[in-house]
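Got a model open and not sure where to start reading? Let's go through one together, feature by feature.

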Amino acid sequence: MKLTMKTMQFEFESQAMFPADPSESAEILLYGTNENQENPLFFIEDDIYYYAAPNLDSMHAVMFAKEMAGIFNEEEEEGHPGYLRLEDVHPLADAEQVQEIADYLKSENIPYMIAVIPIYTDPETGREYRFSDNKKLTSVLQEMQEDGASIVLHGYTHQFRSSETGEGFEFWDVENNMPIYHGENEEVNPKTEEDFESPEEFEAYNQENLDYERAYIEDRIESGIDELAKYELYPLAFEAPHYTMSQNGYEVLSDYFSTYVGQVQMSDENWEIMRPIPTIGQPTYLHGMTLYPETMGYVQPDEPDAVDIMMKNAEEYQFTDGGVTSAFYHPYLGLDGLVEVVEGMKKIEGIEWIDLKETESQVVTDKVEIRADGGEIDVNKDRIALYTSGFSYPLYFLNNTVEAMVRLIAIIGGLAVIIFFFYIFRNRSQANKS
């Protein structure tokens, strides 16, 4: 199928179109051509805009976005903003593996993001692991943040019920394909309007569900931000686990974050209805949050041509100025795959690496305020409230303090030994001279 727009023509895989027969006075903005048959795809007639396609998947979204700039008389942004995100970094991640990746990305001198999960929950024992349990990884992440990375909060535990952290959903009950309106162990029995005697009772039932979901999300979001801030890891954006969250959830999230990263769920009825959006923007359903979309996908371990597929996805988003070319990568796959992804992205013409520290991103809870400030991170936090909100950090701080004191004592002891031997050597030298 070919798309023809004024003076340009593009080819891509065939996609569905509705038959359209505009009048001669209509202005045709886009044509779709298949087997030499040309059909109007996007046109204006009597001040009404018509797009003759059942959805805005893939290239339809890209071309539609390109035309929208002209419709609203906005200048198209030049270049292609892009970012690389390291995904699912949690307290049990391999510190040496992450360090190797950190060293490579520092040598490439490009900004990047790290999607961090503050708590790892063992699905069998229920034990929670925090960054206090992996001090080496904590130090590596702090160094990465200092060297150009921006932290993205990726849920609190990235799981619900007995699912594994990093694999499970957190803000969506995928088993029942519905928002979190209930506890993990509660029996789920969704009701419809027919189950109530009046619309008012049904409305009260819906409000009760929304209130439950709000309280659940608020607790998880505040706990996640505060948990990272304890270890001097300061998130500048949020990414929902598996990109799943209800419309009510996005509204709650906007009370804390100004920036959202990833794809967006479009339906409260089915989590699988989500779309990659071509450009950076502030869609109304994100309630003021700026969206930095993910468009290229990721390296799938069982797909030998994964990087080639990602680069082909990136080509689609280069058709429109300002089209975002962004990808994510799981560090457990090792360095080689990441190098291949970075080298491929560096070849994207006009790519401009996004640095969240250079944006107007901000994050706020009762205990901490985090703001991007010209390439740096400005933080104000209630240290007493933050550090006394649990036992993990005081123990972590005490352990670090003891270790620092032991190192100091060892250094002092070592210096004392050196001074002692120097004193003995000097005295013997003087005795020999005598």
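What follows is a chat between a learner and a teacher about this predicted model.

Q: Let's start with the big picture. How many helices and strands does the protein chain have?

A: Begin with the element count: here the protein chain has 9 helices and 20 strands. Then look at burial: of the 434 residues in the chain, 48% are buried. The accessible surface comes to about 22700 Å², and carbon and sulfur atoms account for 48% of that surface.

Q: And how do I read the contacts? What share of them join residues at least 24 apart?

A: Set the local ones aside and take contacts between residues at least 6 apart in sequence; in this chain, 65% of those join residues at least 24 apart.

Q: Can you show me that on a single residue? What is S150 in contact with beyond its sequence neighbours?

A: Pick a residue, place it in its element, check its burial, then list its partners. S150 sits in strand β10 and is buried, with a relative accessible area of 1%. Skipping neighbours within four places in sequence, S150 contacts Y112, M113, I114, L236, D355, L356 and K357.

Q: L236 is on that list. Where else does L236 turn up?

A: Try E360, which is 124 residues from L236 in sequence but 9.3 Å away in space, C-alpha to C-alpha. E360 belongs to the loop between β17 (351–353) and β18 (362–364). With a relative accessibility of 75%, E360 counts as exposed.

Q: Let's try a helix residue. Is L137 buried or exposed?

A: Buried: its relative accessible area is 0%. L137 is part of helix α3 (residues 135–146). Its contacts, again leaving out neighbours within four places in sequence, are H90, P91, A93, A95, V98 and F131. For a C-alpha distance, take L137 and L92: they are 45 residues apart along the chain and separated by 8.5 Å.

Q: On to aromatic rings. How many aromatic pairs are there?

A: For rings, look at the distance between centres first and the angle between planes second. The count here is 15 aromatic pairs. One of them is F42 with Y49, a tilted pair at 6.4 Å centre to centre and 45 degrees between the planes. The angle is what makes it tilted, because stacked needs under 30 degrees and edge-to-face needs over 60.

Q: Are the two partners, F42 and Y49, buried or exposed?

A: They split. F42 is buried at 2% relative accessibility, whereas Y49 is partly exposed at 42%.

Q: What does an edge-to-face pair look like here?

A: Go to F160 and Y216, with 6.3 Å between centres and 85 degrees between planes. F160 is in the loop between β10 (149–153) and α4 (199–230) while Y216 is in helix α4, so this pair ties together parts that are 56 residues apart in sequence. Both rings belong to buried residues: F160 has 7% relative accessibility and Y216 has 13%.

Q: Which residues do ring pairs link with F160 and Y216 into a cluster?

A: Following pairs from ring to ring is how you find a cluster. This one takes in F160, F171, Y216, F238, Y250, F257 and Y260.

Q: Now the largest pocket. How much space lies in it?

A: About 840 Å³. After the volume, turn to the lining: it has 38 residues, and those closest to the pocket's centre are E87, D88, Y298, F328 and H330. Elements giving two or more residues to that lining are β6 (80–89), α2 (95–108) and α6 (306–316). The largest share, 4 residues, comes from α6. By character, the lining divides into 17 nonpolar, 13 polar and 8 charged residues.

Q: One last thing, the backbone. Which residues other than glycine have a positive phi?

A: It's worth scanning phi values for these. Among them are D46, at about 55 degrees, and N109, whose phi is near 55 degrees. D46 lies in the loop between β4 (37–45) and β5 (48–51), and N109 in the loop between α2 and β7 (112–116). For burial, D46 counts as exposed at 64% relative accessibility, and N109 is exposed too, at 67%.

Terms used
Residues are numbered from 1 along each chain as its sequence is written. This is a predicted model: local features need pLDDT of at least 70, side-chain atom pairs count only at pLDDT 80 or more; totals for chains, interfaces and linings use all residues. Side-chain values use heavy atoms; hydrogens and water are left out. Rings of Phe, Tyr and Trp (its six-membered ring) pair if their centres lie within 6.5 Å; planes under 30 degrees apart count as stacked, over 60 as edge-to-face and the rest as tilted. Buried means under 20% relative accessible area, exposed over 50%, partly exposed in between (1.4 Å probe, protein chains only). On a 1 Å grid over the protein atoms alone, a cavity is a set of points where a 1.4 Å probe fits but cannot get out, and a pocket is an open set with protein on both sides within 12 Å along at least five of seven lines; lining residues have an atom within 4 Å of a point. Grid points are joined across faces, edges and corners, and a volume is the space filled by probe spheres set on the points. Ala, Val, Leu, Ile, Met, Phe, Trp, Tyr, Cys and Pro count as nonpolar, Asp, Glu, Lys and Arg as charged, and the others, Gly among them, as polar. Contact means heavy atoms within 4.5 Å. Accessible areas come from the Shrake-Rupley method with a 1.4 Å probe; for residues, only the protein chains shown count as cover.
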